[in-house]
Structures are given as structure tokens and as C-alpha cells.
Amino acid sequence: MPLLHIDVLTAVPEIFESPLRSSILKRAQAKGIFTIGIHNLHDYSPNGRIDDYPYGGGAGMVIRIDVVVRALRNLKEKTTYDEIILLTPDGELLTQALLNRLSLCQSLLLIAGHYKGIDDRIRHFVTREISIGDYVLTGGELPALVLIDGLVRLLPGALSDGTSALEDSFQEGLLAPPVYTRPAEFEGLRVPEVLLRGNHQAIQAWREQMRWERTRQRRPDLYAKAQATAPPPGKSVPPSEPGASA
Ligand code: ADE
């Protein structure tokens, strides 16, 4: 049994090919941690036509509700989904906290709209609507891939040995510390001394300090939230107002 199964309903299945055949998404499938089914909406239309003109006029085409619901019911006969998710710019914003929660699911159905969108009645047939940001893309396929990528890397065993998704940016609401590799000096830019000395306790403390420092400088909004739950290391009270010296 995989840890997570995802089915995707899309009018453009080819968009998913390369990302699913590369890197961590490919390896997670090879390890059996994650399985995915990409389903072409065109296969659920009697005449292969999935869209029609919008009622009330206007430019662009709208994906028909009967086609999407036929596909959805067909898939639901085979799988019980924990969530049926519509990718749409007017959905709930995707965050690390939402990814963490969804990564505990066993099976998800993602619906990616395309063209002008799906007939609005689709909202009666989904359990959740997700947006990946306040901008509009040509369809829900790339947002679905963003969601899939963000979920799969959280599954135990998906990342290479010794790497933990818990050390990411945004876990605990903080950004990740900087990383370096050889050479120790490049064009006058030196790797911080503490990382070269091999004192693991000092390295851990430095990394923790950098997470707070980076977050304060770059994302005062996140810093304020993180301070409210856990003060920075070595401080029993918050050191400054968020963004005060950013
Ligand atoms: N479809 C088009 N733009 C989108 C976005 N920002 N998030 C989710 N789905 C979308």
C-alpha cells in the first residue's frame, strides 16, 4: 500500500508527464511510497467535447459540469477519497501548514480546470478549493503539480536519507538557514567559520539563530507569528518589534 495515492482529472494530461518522471516524484513512485493516476477529461465525454460557450456570453470556453461529474463519479466507484480538491485562483491559499495536514491523507482527487474555468456548479462536488497564490495561470495543472510536489516530499522516505522535511523553510513558521559547500572561499566570499570547525552543537545553535535572523529580515510577517509561539533562542522575551531593524 502506498502512503499516498493521488488521482488527477485534467483536460491536458501531458503537462504531468515530465515532472512525474523526474527526481523525487519519480523516486517516490519507484519506492512505492506514492502512486498517481492522471485521467483525461476528454475520455469522459461521449463525443470527446468537454467545453462549451459561457451562458450570458463573453470570451473563452467553459468546461461542462456533466463531463466533470461523470469522470468524478467513475473515479469514486474505484477509490474512496479523503478529499476532492479543486485547484482555482479563488480557493484557500496553499501554505506549509495545509500541506502538512493533507500529507496525512491516504487518497486525494485533484481537479484541474483549464480554459476559462469549470462550470461553477463544480463547487458542490468538491471538499476543498485551493489556490497556489494571488495570480492567475492558464489552468490548474501547474498548481496541481505544485501541490503534489509539496505533499510527496513530506512522505516518510521520499527525501534522501538523513534529509528531513521538518528542517524546511516554513516548518515552525521560520525560513531555512543558509547552506554552503566547497570551496570554503569563492572570489573573497567565505563560508561562515562555525560550519568549518565541526562543532555540531555550535552549528545547530548557529543554524537556529540564522533561521530567526533571516525570517526577521526577509519576512517580518512570519517573524511576528513565530515570536508569538516560540521566542528566538537565548531570548525569554522577543528581542525587537517585528521588522524594526530589517
Ligand atoms: N488556476 C489558475 N490559477 C491558479 C492559481 N493561482 N491557483 C490554483 N489554480 C489556479
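Colleague: Let's start with strand pairing: which residue in β6 does I6 stand opposite?
Modeller: Keep in mind that this is a predicted model. Strands β1 and β6 run parallel, joined by five bridges. Within β6, the residue standing opposite I6 is L108.

Colleague: And what is the bridge partner of E83 in β6?
Modeller: β5 and β6 also pair, in the parallel sense and over five bridges. So we're back at a residue we've just met, since I6 stands opposite L108 too. In β6, the bridge partner of E83 is L108.

Colleague: How many of the six residues of β6 are buried?
Modeller: Take the two faces in turn. On one side S107, L109 and I111 are buried, and on the other L108, L110 and A112 are. Both faces are covered, and β6 is largely enclosed by the rest of the structure because the buried count is six of six.

Colleague: Which element gives the most residues to the largest nonpolar core?
Modeller: That core has 31 residues, and I6, F34, L110, L147 and I148 touch the most other members. Elements giving two or more residues to this core include β1 (4–10), β2 (34–40), β6 (107–112) and α5 (141–152). The top contributor, with six residues, is α5.

Colleague: How many residues are in the other core, the one apart from it?
Modeller: The second core lies apart from the largest one. Its members include V68, V69, L86 and I111. The count for this core is 22 residues.

Colleague: What does L147 touch, leaving out residues up to four places away in sequence?
Modeller: L147 is one of the residues that touch the most other members of the largest core. With residues up to four places away left out, the list is I85, L87, L94, L99, L102, L110 and I130.

Colleague: Over to T215: is it buried or exposed?
Modeller: T215 sits in helix α7, residues 200–218. Leaving aside neighbours within four places in sequence, T215 is in contact with G173, L174, L175, P220, L222 and Y223. Its relative accessibility is 0%, so T215 counts as buried.

Colleague: How would you describe α7 relative to α8, parallel or oblique?
Modeller: The axes of α7 and α8 (residues 220–229) come within 6 Å and cross at roughly 130°. An angle over 145 degrees would count as roughly antiparallel, and 65 to 115 as roughly perpendicular. The crossing angle therefore makes α7, relative to α8, oblique.

Colleague: What kinds of residues make up that contact of α7 with α8?
Modeller: From α7 come W212, T215, R216, Q217 and R218, and they meet P220, L222, Y223, A226 and Q227 in α8. By type, the residues of this contact are five nonpolar, three polar and two charged.

Colleague: How far apart in space are R64 and L109, C-alpha to C-alpha?
Modeller: R64 is in the loop between β4 (62–63) and α3 (65–78). At 33% relative accessibility, R64 counts as partly exposed. R64 and L109 are 45 residues apart in sequence, and their C-alpha distance is 18 Å.

Colleague: Last one: what percentage of the protein's residues are buried?
Modeller: The secondary structure comes to eight helices and nine strands. The C-alpha atoms fill a box of roughly 70 × 40 × 35 Å along the principal axes. Of the 246 residues, the buried share is 42%.

Definitions and conventions. Residues numbered from 1 in each chain as written. Predicted model: local features only at pLDDT ≥ 70, side-chain atom pairs only at ≥ 80, totals over all residues. Heavy atoms only, no water. Helix = DSSP H or I, 4+ residues; strand = E, 2+ residues; numbered from the N terminus. Buried < 20%, exposed > 50% of the residue type's maximum accessible area, 1.4 Å probe, protein only. Contact = heavy atoms within 4.5 Å. Core = buried A, V, L, I, M, F, W, Y, C linked by side-chain atoms within 4.5 Å. Axes fitted to C-alpha atoms, helices over the stretch in contact; angles between N-to-C directions. Parallel < 35°, antiparallel > 145°, perpendicular 65-115°, else oblique. Nonpolar A, V, L, I, M, F, W, Y, C, P; charged D, E, K, R; others polar. Pairing = 2+ DSSP bridges.
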